[in-house]
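Colleague: I'm new to this one and would like a close look at a single part of it. Could you take me through the salt bridges and whatever surrounds them?

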Amino acid sequence: CSRVAFFYDFLFVKEPGTEDRTPWHQDLGYWSVQGSEICSVWMPLEDLPKEASMEFVVRGRMPSALRGRDLAPLRFATGQVYEGAEDMPRVPDVQSDREQWQVTSWDTKVGDCIVFRADVLHAAAANQTLGRRRALSTRWLGPDARFVVGSKCAETRRSGYPNFRVGLQDGQQVVDSGCQAFPILWPLEARGRLRSPGALVPFPGYGAERQAQGQLYSRDHV
């Protein structure tokens, strides 16, 4: 990409002995953005064997009918699809036939990272190790990323990310919009836009609105 904007970050923590897997899913359905230049950079904060690490479906194994489409987002705790996503294509049952889907994972060490597109099917194993599993995931937008609301399901429109007012129109390109919520961090000379921490406050009351939306997200997803 010629220009890359920061979208957001997320800290994952899975305690030792956690039996629950993070289910198979695709990120695009949870976010109010669309495009082929949207990715995550997943970085483990402990050395992890592949049995406790991220898992991916090899891209070529996706049925052609599902490629390039949002799959129905679901609540991790219950497996229930989001409100308004009932008619969206469902995530395939990868777990029942992992060999057919060519599930791929790797041993990872601190300092490694895994970069993957937002339309890639992925999951995370249970943590049967004796240590806490922590990982930081940062999300990034390229020039073709657009802010999209109208085509997303009702629950994503309500509590998906970004879950605060960003001042963008439906369908508007994000990276060159000048929106300070998503600063350009590459190339390096473009970082002049990121003037100070105060530049990341898009409107008065931003902090309070983010806190309220975070509480709404927690209520809907626990």
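**A walk around the salt bridges**

Modeller: Starting at the N terminus, the elements of the chain go β-β-β-β-β-β-β-β-β-β-α-β-α. That gives 11 strands and two helices. Keep in mind that this is a predicted model. The chain has 222 residues, and 45% of them count as buried. If you take contacts between residues at least 6 apart in sequence, 80% join residues at least 24 apart.

Let's get to your part by way of a sheet. Four strands make up an open sheet, ordered 2-8-5-6, with antiparallel pairing. Its edge strands are strand 2 (22–25) and strand 6 (103–104), each of which pairs on one side only. Look at strand 5 (residues 54–57) and strand 8 (residues 122–124): they run antiparallel and are joined by three bridges. Within that pairing, Glu55 sits opposite Ala123 of strand 8.

Glu55 is a good place to stop. Side chains of opposite charge can pair when their charged atoms come close. Here the side chain of Glu55 meets that of Arg21 in a salt bridge, at 2.7 Å from N to O. The two come from distant parts of the chain: Glu55 is in strand 5, Arg21 is in the loop between strand 1 and strand 2, and 34 residues separate them. Are the two partners buried or exposed? Glu55 has a relative accessible area of 5%, under the 20% cut-off, so Glu55 counts as buried. Arg21, at 29% relative accessibility, is partly exposed.

Now for a pair with a wider reach along the sequence. Glu46 and Arg134 form a salt bridge whose closest N and O atoms are 2.4 Å apart. Glu46 lies in the loop between strand 4 (38–44) and strand 5, while Arg134 is in strand 9 (residues 133–141), so this pair ties together parts that are 88 residues apart in sequence. Glu46 is buried, with a relative accessible area of 17%, and Arg134 is partly exposed at 32% relative accessibility.

The next pair is Asp119 and Arg117, with 2.8 Å between the closest N and O atoms of their salt bridge. Asp119 is buried at 11% relative accessibility, and Arg117 is partly exposed at 32%. Some salt bridges also share partners: Arg21, Glu55 and Arg98 are joined that way into one network. Across the whole structure, a search finds nine salt bridges.

Stay with Asp119 and Arg117 for a moment, and bring in Gln26. Gln26 is in the loop between strand 2 and strand 3 (33–34). What is in contact with Gln26, leaving aside its neighbours within four places in sequence? The residues are Arg69, Asp70, Leu71, Ala118, Asp119, Val120 and Leu121. With a relative accessible area of just 2%, Gln26 is buried. Gln26 and Arg117 are 91 residues apart in sequence, but their C-alpha atoms are 9.3 Å apart in space.

What about the nonpolar side of things? In soluble globular proteins, nonpolar side chains tend to be buried together. The largest nonpolar core in this model has 29 residues, and the ones touching the most other members are Phe7, Trp31, Ile38, Leu141 and Phe182. Strand 1 gives the most to this core, with three residues. If you want one residue to click on, try Phe7: leaving out neighbours within four places in sequence, Phe7 is in contact with Trp31, Val33, Arg139, Trp140, Leu141, Tyr161, Pro162 and Phe182. Apart from this core lies another, of 10 residues, including Trp24, Met62, Leu66 and Val94.

Finally, a look at the outside. The chain has an accessible surface of about 11,500 Å², 52% of which belongs to carbon and sulfur atoms. Leu11, Val13 and Leu45 make a nonpolar surface patch of about 250 Å². Val13 is in strand 1 (residues 4–14). Why does Val13 count as partly exposed? Its relative accessible area is 44%, and partly exposed covers the range between the 20% and 50% cut-offs.

Note on methods:
Residues numbered from 1 in each chain as written. Predicted model: local features only at pLDDT ≥ 70, side-chain atom pairs only at ≥ 80, totals over all residues. Heavy atoms only, no water. Patch = residues over 30% accessible without salt bridge, like charges linked within 9 Å, V, L, I, M, F, W, Y side chains within 5 Å. Areas by Shrake-Rupley, 256 points an atom, 1.4 Å probe, with all protein chains shown as cover. Salt bridge = Lys/Arg side-chain N within 4 Å of Asp/Glu carboxyl O. Buried < 20%, exposed > 50% of the residue type's maximum accessible area, 1.4 Å probe, protein only. Pairing = 2+ DSSP bridges. Core = buried A, V, L, I, M, F, W, Y, C linked by side-chain atoms within 4.5 Å. Contact = heavy atoms within 4.5 Å.
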